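Trainee: I would like to test the labels we put on a structure. Ask me for nothing yet; I will ask how each label is earned.

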Amino acid sequence: MAASILVVGSVAFDSVKTPFGQADEILGGSATHFSIAASYFAPVRLVAVVGTDFGDAYLETFRKHKIDANGLTFAEGRTFRWAGEYSFDLNERRTLDTQLNVFEKFAPVIPETYRESEYVFLGNIDPDLQLNVLEQIKKPRLVACDTMNFWIEGKLESLKRTLGRVDILIINDSETRQLAGVANLVKAAQKIMSLGPKTLIVKRGEYGVLMFHGASIFAAPAFPLEDVYDPTGAGDTFAGGFMGAVARDGEINERSIRRGIIFGSVMASFNVEKFGVERVTNLTRREIEDRFRQFKALTHFEEL
Ligand code: AMP
């Protein structure tokens, strides 16, 4: 069996409006999207906080995927809420509302039984908390991390300290440029890798993913889909599929990282087909493997 993946991040109720419909207070959050996607490949341990309004029906979603939710803290108050709206082409997102609620005082305590986790994903939270999580883990084999503009602007020094202990940084293209202070992605990647991460994965929405690893670059498209309803959580779902596939592989090298990127892209492509986690909670392994093969065909070509 694959080694366990520990994820720390948000569990939320999301309200999402896209040109194709809307959903109110559905299960979301970075750790939720990540763990459901990863659960198809490896055992997942979830560390997050929710409020007393987080009912048993939501826990059932985690149970269904055999996600270990012993690290989920129930705090007095309301669960984190986020609301966003997408533009016509779904490429731009406007945050309408963020209610931190119990998430405001989130100070992740890693349960004793989780401290030997080999694979760790630090979702987009305060970089000081990310570092604090790492200090509680004994000897991780692979640490991947996400962040966002808010922390790049407000806590750059803390973020740099965290990055010094991270193997893989997974962020979007605008965050890459902002973090490096360089517009060119190739140059930005070199600068970011000099801060610590050996690998940088740049998410580019419907244009796919670019991976930088030493002198090597790998590009993966996003799967061309006929129906895209809700991109929320695509990045975290990508990270979940990626880490899950790498953990299942058992070896950490450029081959497994490249394959992980395609599995991450596969999972993200399912995520956007319906609102929230609806599609990814109802997948079969067959569907995942089939789309992985379709991905291979999508980019296959032969030299003359
Ligand atoms: P993504 O679309 O991959 O960027 O992830 C969106 C998810 O991140 C949603 O499910 C939100 O609940 C969650 N989210 C939004 N803002 C924050 C925040 N400030 N901190 C943690 N999670 C957030």
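Mentor: Start with the lining of the second largest pocket in this predicted model. β13 (216–220), α9 (254–271) and α10 (285–299) each supply at least two residues of that lining.

Trainee: What makes a residue part of the lining of the second largest pocket?

Mentor: A lining residue has an atom within 4 Å of a pocket point. For the second largest pocket, 13 residues line it. The closest to its centre are Phe 218, Arg 258, Ile 262, Lys 296 and Thr 299. The volume is about 330 Å³.

Trainee: How many residues of each class are in that lining?

Mentor: Seven are nonpolar, two are polar and four are charged. Lys and Arg count as charged, so Arg 258 and Lys 296 go in that class. Phe and Ile count as nonpolar, so Phe 218 and Ile 262 go there.

Trainee: Which residues have the most contacts inside the largest nonpolar core?

Mentor: They are Val 11, Phe 242 and Ile 261, in a core of 56 residues. The largest share of this core, eight residues, comes from α9. There is also a second, separate core of 42 residues. Leu 90, Leu 122, Cys 145 and Ile 171 are among its members.

Trainee: What does Ile 261 touch, leaving out residues up to four places away in sequence?

Mentor: Ile 261 touches Ile 201, Val 209, Met 211, Phe 218, Ala 220, Phe 238 and Phe 242. A contact here means heavy atoms within 4.5 Å.

Trainee: Why is Leu 90 called buried?

Mentor: Buried means under 20% relative accessible area. Leu 90 has 13%, so it is buried. Leu 90 is in the loop between β6 (80–86) and β7 (93–99). Not counting residues up to four places away in sequence, Leu 90 touches Thr 18, Pro 19, Phe 20, Val 228, Tyr 229 and Pro 231.

Trainee: And why is Lys 66 called exposed?

Mentor: Exposed means over 50%. Lys 66 has a relative accessible area of 74%, so it is exposed. Lys 66 lies in the loop between α2 (56–64) and β5 (68–74).

Trainee: What is the phi of each of these residues?

Mentor: Phi of Lys 66 is near 55°. Phi of Leu 90 is near 65°. Each is a positive value in a residue other than glycine.

Trainee: How do you know that β2 and β3 pair?

Mentor: Two strands pair if there are at least two bridges between them. β2 (residues 12–18) and β3 (residues 21–28) have six bridges, so they pair, in the antiparallel sense. Thr 18 has Gly 21 in β3 as its bridge partner. A hairpin joins β2 to β3 through two residues.

Trainee: In what sense do β2 and β6 pair?

Mentor: β2 and β6 pair in the parallel sense, over six bridges. Ser 15 stands opposite Ala 83 in β6.

Trainee: What makes β2 mostly covered?

Mentor: Six of the seven residues of β2 are buried. Each of those six is under the 20% cut-off, so the strand counts as mostly covered.

Methods
Residues are numbered from 1 along each chain as its sequence is written. This is a predicted model: local features need pLDDT of at least 70, side-chain atom pairs count only at pLDDT 80 or more; totals for chains, interfaces and linings use all residues. Side-chain values use heavy atoms; hydrogens and water are left out. On a 1 Å grid over the protein atoms alone, a cavity is a set of points where a 1.4 Å probe fits but cannot get out, and a pocket is an open set with protein on both sides within 12 Å along at least five of seven lines; lining residues have an atom within 4 Å of a point. Grid points are joined across faces, edges and corners, and a volume is the space filled by probe spheres set on the points. Helices (H or I, at least four residues) and strands (E, at least two) are DSSP runs, numbered from the N terminus. A nonpolar core is a set of buried Ala, Val, Leu, Ile, Met, Phe, Trp, Tyr and Cys residues joined through side-chain atoms within 4.5 Å. Buried means under 20% relative accessible area, exposed over 50%, partly exposed in between (1.4 Å probe, protein chains only).
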